[in-house]
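Got your viewer open? Load the model and set it to cartoon, then follow along stop by stop.

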Amino acid sequence: MTDYARHEHHDFLGGAARALHDVPLQQALARLTTVLVSGNRRGFATLPESSQLRDHAKRIKEHTLAHLDQYLEELEASVQQVGGQVHWAADAEEARQLVLQLARQTNSRRVVKSKSMTSEEIHLNPALEAAGLEVVETDFGEFIIQLAGERPSHLVAPAVHHTRESIGQVLSKHVGHQLPDDPQVLAKTGRRLLREKFAHADMGISGANFAVAETGTIVLITNEGNGRLTTACPRVHVAIMGIEKVIPRWRDLPVFLKLLGRAATGQTLSVYTTILTGPRQPGEHDGPEEFHLILLDNGRSRVLATPFRESLQCIRCGACLNACPVYRRIGGHAYGGVYSGPIGSILTPLYDSVADNPHLPHASSLCGACQAACPVKINIPHMLIGLRELQHHGREQKRQQGSQRLERWAYWLSCQVLARPWLYRLALRIARRVLGIGAVEGWLRSLPGPGASWTAVRDFPVPAPRSFRERWHELPP
Ligand code: SF4
């Protein structure tokens with residue numbers, strides 16, 4: 001496995017402690033999460049019967065996941081019918097190889113990307129760069145963190161950990177002269193740099209917020225319009241999506257559109273809703289010549305068969321992050337994985353390993369704010385408790401396996417000693433000497449190793465100075 005593909009098993013406690021002492025980060029987090037939480041509340045307050053709509057969205061997700069195979073096959077057929085190609089990737093490596101292969105086949109050297117957590121999940125950029133391709137993130141926040149060599153720290157606001165000043169520094173370094181930390185100037189600079197990239201790109205890579213099985217349509221939700229340029233300008237468009245993003249029908253889409261913008265930022269609708277059905281058709285003036293959809297599993301079908309299936313209903317709005325008192329203090333990088341906050345504390349252990357991410361299920365006060373904020377009412381606290389139970393059972397099982405092994409070894413050793421009287425006498429003499437050290441009036445208060453369980457509740461007697469046998473032999477005949 002190449003380095004960039006390795007999941008970062010992270011020192012969560014160390015990362016959290018560092019974040020708590022990072023003053024600019026604390027200010028940035030407080031500012032953004034407060035704005036987004038109040039936006040979320042305002043957004044839902046203006047939506048009549050929002051609770052019923054959220055229940056409806058949940059039912060659509062539940063139904064889709066229960067018939068996932070059927071809807072994915074329908075999606076594949078629909079995409080092919082409109083001239084697109086569908087590729088299936090079992091894991092991150094397969095997905096990376098597919099993109100590289102498509103780049104080779106289409107002679108693509110320059111790639112522009114719109115924000116996609118799925119491409120972050122598969123660590124796509126380093127793989128493309130290692131193959132000699134130029135890759136440019138075109139969401140402004142993603143562009144900044146790409147230049148800074150960082151990972152996103154929020155699902156919808158990837159550069160939340162940056163301030164206006166730090167963005168100014170990153171961009172100044174890139175352009176080679178000092179820019180003022182004026183948002184207008186910085187945005188204008190970013191726009192100028194990125195427009196150039198769009199104009200010369202061969203391939204555009206996007207994620208997909210939703211894919212409609214009925215029509216083969218993929219839907220991108222953005223606020224900057226970069227999604228449109230990424231998918232319309234280059235010759236080739238590759239969309240990478242997790243298999244759980246499919247929705248059955250066209251009429252299901254508005255349900256999610258009404259919820260996603262409100263949950264994420266409080267907007268009635270995000271600024272750009274880009275709806276794409278296949279490549280450019282005859283008579284159309286723009287759009288790619290080729291459209292490829294990569295359907296990524298990467299652990300999702302495994303999760304589908306577990307009590308954690310509900311986590312696959314997530315529409316990646318980030319509302320649970322903003323509401324979480326833990327995320328609000330430590331930010332996204334402390335979590336170590338691509339997905340952070342309450343939902344990340346579930347997804348990272350599930351997609352990676354529960355044993356290797358021991359702290360994440362505990363990174364929650366279980367206050368329920370995440371579930372209350374979630375537009376599809378995912379019972380996040382319940383799943384966090386479920387993961388804690390899994391950890392407990394894993395530890396218990398290990399403990400039992402360990403003690404069984406130890407027990408077998410102890411019986412084997414006693415058998416060897418008891419079968420040889422000379423060895424038994426020798427062992428007794430050694431035990432008497434060793435255990436005599438530190439004994440008080442013939443009793444030991446504490447023993448190391450496995451003996452500690454004994455002395456935790458009672459003292460241990462040191463063998464008598466002379467054994468029964470020895471005394472027996474000393475008796476007159
Ligand atoms: S779990 Fe819910 S609130 Fe959190 S990102 Fe997913 S959909 Fe949004």
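The tour goes from the ligand to a sheet and ends on a helix.

Keep in mind that this is a predicted model.

**Stop one: the ligand.** Select the ligand and show its surroundings: 15 residues make up the shell. Put labels on C314, C317, C320, I343 and C374, which are the closest of them. Now colour the shell by class. You should get 13 nonpolar residues, plus one polar and one charged.

**Stop two: the sheet.** Next, pick out the open sheet, which is built from six strands. Walking across, you pass β1, β10, β7, β4, β2 and β3 in that order, with parallel pairing. Which strands stand at the edges? They are β1 (85-89) and β3 (134-137); each has a single partner strand, so one side of each has no neighbour in the sheet. Turn the view to follow the twist, which averages 20° from one strand to the next.

Zoom in on the β1 edge. Select residues 290-296 to bring up β10, which pairs with β1 in the parallel sense over five bridges. To find one spot on that pairing, click V86: its bridge partner in β10 is L293.

**Stop three: helix α9.** Select residues 164-175, the 12 residues of α9. Run a distance from the first C-alpha to the last and you get 16 Å, close to the 16 Å expected at 1.5 Å a residue. Then show side chains for I167, G168, V170 and L171, the buried residues of α9. Look down the axis: these residues cover an arc of only 165°, which puts them on the same side of α9. As background, an α-helix has 3.6 residues a turn, so residues three or four places apart point the same way.

Technical notes: Residues numbered from 1 in each chain as written. Predicted model: local features only at pLDDT ≥ 70, side-chain atom pairs only at ≥ 80, totals over all residues. Near = placed C-beta within 6 Å. Nonpolar A, V, L, I, M, F, W, Y, C, P; charged D, E, K, R; others polar. Pairing = 2+ DSSP bridges. Helix = DSSP H or I, 4+ residues; strand = E, 2+ residues; numbered from the N terminus. Axes fitted to C-alpha atoms, helices over the stretch in contact; angles between N-to-C directions. Expected span 1.5 Å × (residues − 1). Buried ≥ 20, exposed ≤ 12 C-beta atoms within 10 Å, placed from the backbone. Arc of directions from axis to C-beta.
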